[in-house]
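Welcome! Here is a short, friendly tour for anyone meeting this structure for the first time.

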Amino acid sequence: MSLNLTDLVKRPGIGRVGKPVRVRSNFFEVTSFPTQNIHHYDVTIDPADSPPALCRKIWKTFEDMDGQGVLKGIKTIYDGRKNVFSPKLLQLGEEGALAFDVELQEGATATKRTGNSFKIRIKKAGEVNMEELRRFLNGQSACTSNCLTAIMVLDVLIRHMPTMMYSTVGRSFFTPQDSRPLPNGAEVWQGFYQSARPTAGKMMINIDVSATAFYESGPLPEIVAKILGRRSIDELRRGIPEKELKKLEKTLKALRIQVIHRGEAKRKYKVTGLTPTAVERTMFKKQEGEEQSVAAYFQKQYNRRLAYPFLPCVIVKSSIFLPMEVCEVIPGQRHMKKLNEKQTAEMIKFTCQKPNVRANKISQGLQLLQYKNNPYLQQFGLNVKPEMALINARVLPVPQISYHASSQEATFAPQGGAWNLRGKKVAQGAVLGSWSVVNFANQVPLPAIQRFIRELCQTFIDTGLNVVNRSPPITQADPQGNIDHTLKEAWLKAGNAVKANPQLIFCILPNTGVPLYAEIKRISDTVIGIPTQCVQSKHIADAKKQYCANVCLKVNMKLGGMNLFLSPSQIPFIAQRPTILFGADVTHPAPGDMNRPSVAALTASMDARASRYASAIRVQANRTEIIADLANMVKELLKNFYQSCGQKPERILFYRDGVSEGQFKAILENEVAAIRAACLSLDATYRPSITFVVVQKRHHARFFPVDQRDADRTGNCQPGTVVDTDIVHPFEFDFYLQSHAGLQGTSRPTHYHVLHDDNHFTPDTLQELTYRLCYIFGRATRAVSIVPAAYYADLVATRARFHRRGENWSDTDAASESIDSEAQMASFAVVKPELQKVMYFM
C-alpha cells in the first residue's frame, strides 16, 4: 500500500540523463541525533515584551545558577521566545509548572524601565517524538507537526551557543571581525547562516556565509558627517541644509546611543528626533522657569565647552536634548533600510567570492559555530560530520538552439553556456518603420546621435530586422520638463514622418537615475501604449557592435519579433500538443514599507515555440503572497493564447517564483484551484492537465566542483548541473539546477519543487525541459539561471512598480506616507491592452 505521505507530488524516481559528476555541497551530515523523546517546555518571562536578546540573557543567568536546582546537570536549549527543550525531564513539582525570580547584574539590561528583576514561569508543553522524524526522513511517515517541531529542536540546538556569543539575525550570526566600511556611515559584517534540513534518509546542517549591513559605531558627530557624505564635520560648520536634516533625522531615528558626559554611567537611549536648531540656539526651560541654551547648560553643569555648537541636538525620551558630541552610536545595530547604489556596489564587492574561497570560509564557519566540544550538542546526542557532503550530480547535455536559417551555423549547441551573435540573424525579424528618437541628454551633440542611429540601424539590419526608416525624427527634450507632453509629441512626429502607426520611441537618458526612467515607462506603458527603448548617453559616443546587438535583441522582442528558438524535437512536451507555459511572481515593497502594495505578475507563452509571451499585472494587499486574482489573470492569458494560436492549450506548465516552503500548502490549495476555475469558466468541459512547479532562488544550497576538470573558468560547476539526490527532500519531487555559466562569485543553483503534476513528468523530462528553456531567454546570448517564464514574470512585476502615479522616485527610502492601502492600489495605472500582448518589459 502506498502511504499518503504528502499532498504534493512524490518523487517519481531519480534522473539518469547527463554525465555523472561528484560535487561538494555546503551540507554537513548529522551522523546521530537524539533517539529519546525531547521534553518541550513553555516559558514566559515577565515583564513581557522583552526582546529575544534580553530573554536569552535572563535565561542564561537562570541557567548559570543551575536554574535554582531544576537544571542541575541538565543542558536545556532556549529559542529566545517561548520554547525551551530539554533532553531530560525537569522536576517541576506536582503541577508540572514553577515560577522563579531572576536578578540581572547592574548594567546588563538595556532599559531602565524594566529594572533588573524578572520572573520566569516554566510549564510542561509536551514531548517531541524524535523517532517520527527518523521515519519521515526514511519516507515512512508524513511531515507531521511533531516532525516540524523535531526539526525545530535541532535548529534551536545548533543555534543555542552561537546566539549567546554573536549578533543574531534570523538564521544567521554576524561578527564585527573582518567588518568593512560602507559609504554613508554603514559597515558590512561577515556572518554565517545555518539551518537543520531534512534530506533523503538523514538530517543535514546547511551552512553558508552571509553578510549584512550594520550602522558604524562610535562618536555620533563623525558618523553624522559620514551619513551626509561629508569628508569631515568641519564641512557642516554652516549648518545642515533642511532637506538633509530631514534625511538625517530619518536615519538616526532608529538608532540607539549612549552618553559619555556622565562618567561611568553610560546611559543608553533611543533617538526620537533632532532639534531644528543648533545646540547653541536650542533653548529649554529650567525648573526655576528661566530659559537657557543647551550649550550654556552643558558649559555650566558639566564644564564642557562644546566643540560642535553648530550641530543640532539629539532628542531622546520625549524632550531631553543632548548635544551630538556627548553621544556614541552603540555597536551591533543592523541597517534595516534599503542600501543606496554606492553602498550596494561596495556590498557586492565584499560578498562576491570565488567558489573555492567561499568553500573555505564555510569550513571555517564550522569552528565558529561551535560544533565541537559543545556541551549542549553532547548532552542531546547530536553529532555532525565536519566535512562538506560529497554528492552525486549530473551535467545535462547542451541543447541545440536555432536562429534564422540564413545564419552561419543556424542551429548549434553553445559551449560553456554562452555564445555571441556574430553571423547570426534573429529567427523572426520585426519591421521597424515608424519610430522617433528623444534625447534627454543635452550634453550629447546632434551629429553624435545621428551617427549612433546610423550604426544602430546597420546592426539591426545585419541582425535580421527590417528597418524601413533609417533616419527617424529626433526631438531634444528637458529631463526635468513635462515628460508626458514630450513623449506624445515624439509619438506624433514618428507617425507623421511615415504616415503610419508609431511602433517605438527611442530615448537617450543622461544617466542611470531612476526618476526619469520611471516616468518614461509609466507614460509609454500606461498612457500612450507604445514600446520605448532607453539607452544611456555614455554609449552614444562609441557605438560598440556588441552593445548595438544587445539593444537589437530587446527592440526585436518589443516589436513582436522572435530572437531564437528550440526546434520541436528539443521540446517535445511543448511541441507535440498545444501547451502553454506560465510564469508567476509576486514582488513586495522594500522592508519596513507597510503602505505600498505587493505586485503580482503573470506571463504566458503564446506560441508552440514558447518564445513569445504575453503578461498580466495586479496590485494586491501589502505583503500578501498568494496571487489574489489569479483566476482572472489566467483566463485573460488563456484567451490570448487562443487568439494567437487558434487552439486551446491541452497542457499547462506553471512556474511559480517567490514562494517559501511554509507556504507550499496554501499555494497548492489556492492557486492550483484558481487555474482550474479559470479553465472551467471558459468552458465547462475544459480540463487541461496542470503541472505546478515552485521556483526558488532564495536558499543557501551551493555546489563546488571536486575536480577542477569539472569546473568552468570561474571555478563554478558547469551549466546544466542538476542534483536530485542526497540533499533534496526525503520523498517529494524537487531538484536543484544550475542552468547558467558563472560570471563572478559563486553561482546559486535554482531549486525547483513540483507541487502538483497531472502531466506525469519523470525527473529526466522535467529537468531537461527546464534546462533547455533557460537557453531561449530573449534578450541574452547565454543560458540564464532561472526558467524564462519566471524570469519574465519577475521583469513584469519590477516594471509595474514604475506605473504608480505620484511616486517619489528620487528619495528611495521615502515611505509612501499615510495614504491608505485602497488609495495606494488605485494609484497604479493599467498597462495598455495592446502592450500586454507583446514583450514591452524586456
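The points below look at a few helices and strands, grouped by topic. Please keep in mind that this is a predicted model.

**Helix α5 and its two faces**

- Let's start with helix α5, which spans residues 242-252. Its buried residues are Glu 244, Leu 245, Leu 248, Thr 251 and Leu 252.
- These buried residues sit on the same side of α5, because they cover an arc of only 125 degrees around the axis.
- Turn to the face of α5 that points away from the buried side, and you will find the exposed residues Glu 242, Lys 243 and Lys 246.
- Several elements help to cover the buried residues of α5, including the strands β11 (202-215), β14 (268-278) and β17 (312-316), along with helix α4 (220-227).

**Helix α6 and what follows it**

- Helix α6 runs over residues 294-302, and its buried residues are Val 294, Ala 295 and Phe 298.
- Looking down the axis of α6, you would see these buried residues fall within an arc of 105 degrees, so they line one face of the helix.
- The packing partners of the buried residues of α6 are β15 (283-285), β16 (291-293), β17 and β18 (320-323).
- Strand β17 is thus a name to remember: it is among the elements covering the buried residues of α5, and the buried residues of α6 pack against β17 too.
- Just past the end of α6 comes Asn 303, which has a positive phi of about 55 degrees.

**A β-α-β unit**

- Further along the chain, β28, helix α12 (residues 514-528) and β29 build a β-α-β unit, and this unit is right-handed.
- Strands β28 (residues 504-509) and β29 run parallel and are joined by 5 bridges.
- To find one of these pairings, look for Cys 507, whose bridge partner in β29 is Cys 534.
- Strand β29 covers residues 532-536 and is mostly hidden, with 4 of its 5 residues buried.

**A three-stranded open sheet**

- An open sheet is formed by 3 strands in the order β23-β22-β30, and their pairing is antiparallel.
- The edges belong to β23 (411-412) and β30 (565-566); each has a single partner strand, so one side of each has no neighbour in the sheet.
- Strand β22 (residues 401-402) is linked to β23 by 2 bridges, and the two strands run antiparallel.
- A pair to look for here is Ile 401 and its bridge partner in β23, Phe 412.

Methods: Residues are numbered from 1 along each chain as its sequence is written. This is a predicted model: local features need pLDDT of at least 70, side-chain atom pairs count only at pLDDT 80 or more; totals for chains, interfaces and linings use all residues. Side-chain values use heavy atoms; hydrogens and water are left out. Buried means under 20% relative accessible area, exposed over 50%, partly exposed in between (1.4 Å probe, protein chains only). Two strands pair if DSSP finds at least two bridges between them. A crossover is right-handed if, with the strands pointing away from the viewer, the path from the first strand over the helix to the second runs clockwise. The arc is that of the directions from the helix axis to the C-beta atoms. Contact means heavy atoms within 4.5 Å.
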